[in-house]
Amino acid sequence: MKKIKNVIKRFCIIGCLYMMCFINTGCTSTEGKLEVYGGEIVKNSTLSYSEKYLSYELPIISSQKIKDFKINEYIISGNGSFDIKYKDLTGGEKYKDWYYYFANIEVKIDSDIDTEISVDSIDMSINGNSINYEVADLNFSNTKAVLGNDIDVEKRSFVYDMEKVYLYQYIPENKQIIALDIQEDCTITGFKIIDFVDIENLVTKVNDTEKNLDEGIVVKKGDKVTFEYNLKYKENVSKNNLIKTTSYITYLEENNKDCAFIDEQGIMIINYMNDQFVKDYIDNDIIAENN
């Protein structure tokens, strides 16, 4: 009988130790310390003219499954007038012990005063933890700040003559083409992409005849203009980045008024198939750095 009592006593002690370990989060946590990444791969630069809310996605790569998420504050540098709204958190896929999500935000840049800002970091709450989410490049400006007060961004002396590619999975090796149908006589003076990629080997043609854009190209109503070019990543930008940037064409209308045709979300390069850009970042940066 005494032996049975001793066995019961030992089981009680083991049970108590097990319960103490269960209550102690250090014993039960299978996910460990909360670590959050993702802002390092954001490369966004928007030149805005429309005062519309535009959508952006911020990858949230977490060592823990996110059960509670909130954005508390945007830490901004620069000056101007703007509004940022948080919409929702989507995703929740798991890859190699890392969970990844997308924080969806909307940004509106006012056009009444010069505005040029950068979102340097975002104060977030994730599963009750305060997180400072640093962002590599999340930049917004309006045409008043970048191109000057006197430029006309509402006039439309031409339209796209063919469907334009906005979203690339990666930078294509072949030449890209933008075609314009000229609606009014004007002089085209430039074709630019704001940041993160360079335009190379640019060939500009009017009605299939090559012209020198550096000297300004005089075009008439009914003309067809094409830009043929290659894209190349700028230094310190790669296929792992989530790239969004504005493209625009500058021109003079007949009375020599400066104008710009702004394509606010003119180019996006995201290795989006199966979220490969996130998985490559986890493999090549997060896991590689922690090993």
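1. Let us start with the cysteines. A search of the whole structure finds zero disulfides, a disulfide being a pair of cysteine sulfur atoms within 2.5 Å. In general, a disulfide is a covalent bond between the sulfur atoms of two cysteines. C186 is in no disulfide, and the nearest cysteine sulfur to it, that of C259, is 8.2 Å away. C259 is likewise in no disulfide, with the sulfur of C186 as its nearest, 8.2 Å away. Is C186 buried or exposed? C186 counts as buried, at 4% relative accessibility, and C259 counts as buried at 1%. Here buried means under 20% relative accessible area, exposed means over 50%, and partly exposed lies in between (1.4 Å probe, protein chains only).

2. A word on the model before going further. This is a predicted model, in which local features need pLDDT of at least 70 and side-chain atom pairs count only at pLDDT 80 or more, while totals for chains, interfaces and linings use all residues. Residues are numbered from 1 along each chain as its sequence is written, and side-chain values use heavy atoms, with hydrogens and water left out.

3. C186 also has a neighbour worth finding on your screen. V218 and C186 are 32 residues apart in sequence, yet their C-alpha atoms are 6.0 Å apart in space. V218 is found in strand β16 (residues 217–219); strands are DSSP runs of E with at least two residues, numbered from the N terminus. While C186 is buried, V218 is exposed, with a relative accessible area of 58%.

4. Next come the salt bridges. The structure holds 14 salt bridges, each being a side-chain nitrogen of Lys or Arg within 4 Å of a carboxyl oxygen of Asp or Glu. As a general point, side chains of opposite charge can pair when their charged atoms come close. One of these bridges joins the side chains of K244 and E57, at 3.1 Å from N to O. K244 lies in strand β18 (residues 242–253) and E57 in strand β3 (residues 54–62), so the pair ties together parts that are 187 residues apart in sequence. K244 is buried, with a relative accessible area of 6%, whereas E57 counts as partly exposed at 24%.

5. Which residue forms a salt bridge with K164? The partner is D263, the closest N and O atoms being 3.7 Å apart. D263 lies in strand β19 (residues 258–269) and K164 in the loop between β10 (158–160) and β11, so this pair ties together parts that are 99 residues apart in sequence. Both D263 and K164 are buried.

6. Other charged residues deserve a look too. K108 forms a salt bridge with D110, with the closest N and O atoms 3.6 Å apart. D110 counts as buried, at 13% relative accessibility. In addition, K85, K87 and E106 are linked in a network of salt bridges.

7. Turn now to the surface. E40, D120, E134 and E289 gather there in a patch of negative charge. Patches are made of residues with over 30% relative accessible area and no salt bridge, joining like charges within 9 Å and nonpolar side chains (Val, Leu, Ile, Met, Phe, Trp, Tyr) within 5 Å. Asp and Glu count as negative and Lys and Arg as positive, with His and the chain ends not counted; the place of a charge is NZ of Lys, CZ of Arg, CG of Asp or CD of Glu. Within the patch, D120 lies in strand β7 (residues 116–126) and is partly exposed, with a relative accessible area of 34%.

8. A nonpolar surface patch of about 360 Å² is made by Y166, L167, Y272 and M273; accessible areas come from the Shrake-Rupley method with a 1.4 Å probe, and for residues only the protein chains shown count as cover. L167 is found in strand β11 (residues 167–168) and counts as partly exposed at 40% relative accessibility. Y168 also lies in strand β11 but counts as buried, at 8%. Y168 and N271 are 103 residues apart in sequence and 7.6 Å apart in space, C-alpha to C-alpha.

9. Finally, try the loop between β14 (197–206) and β15 (209–211), where N207 lies. N207 has a positive phi of about 50° although it is not a glycine, and N207 counts as partly exposed at 41% relative accessibility. D208 is found in the loop between β14 and β15 too. Phi of D208 is near 75°, a positive value in a residue other than glycine, and D208 counts as exposed at 73% relative accessibility.

Conventions:
Helices (H or I, at least four residues) and strands (E, at least two) are DSSP runs, numbered from the N terminus.
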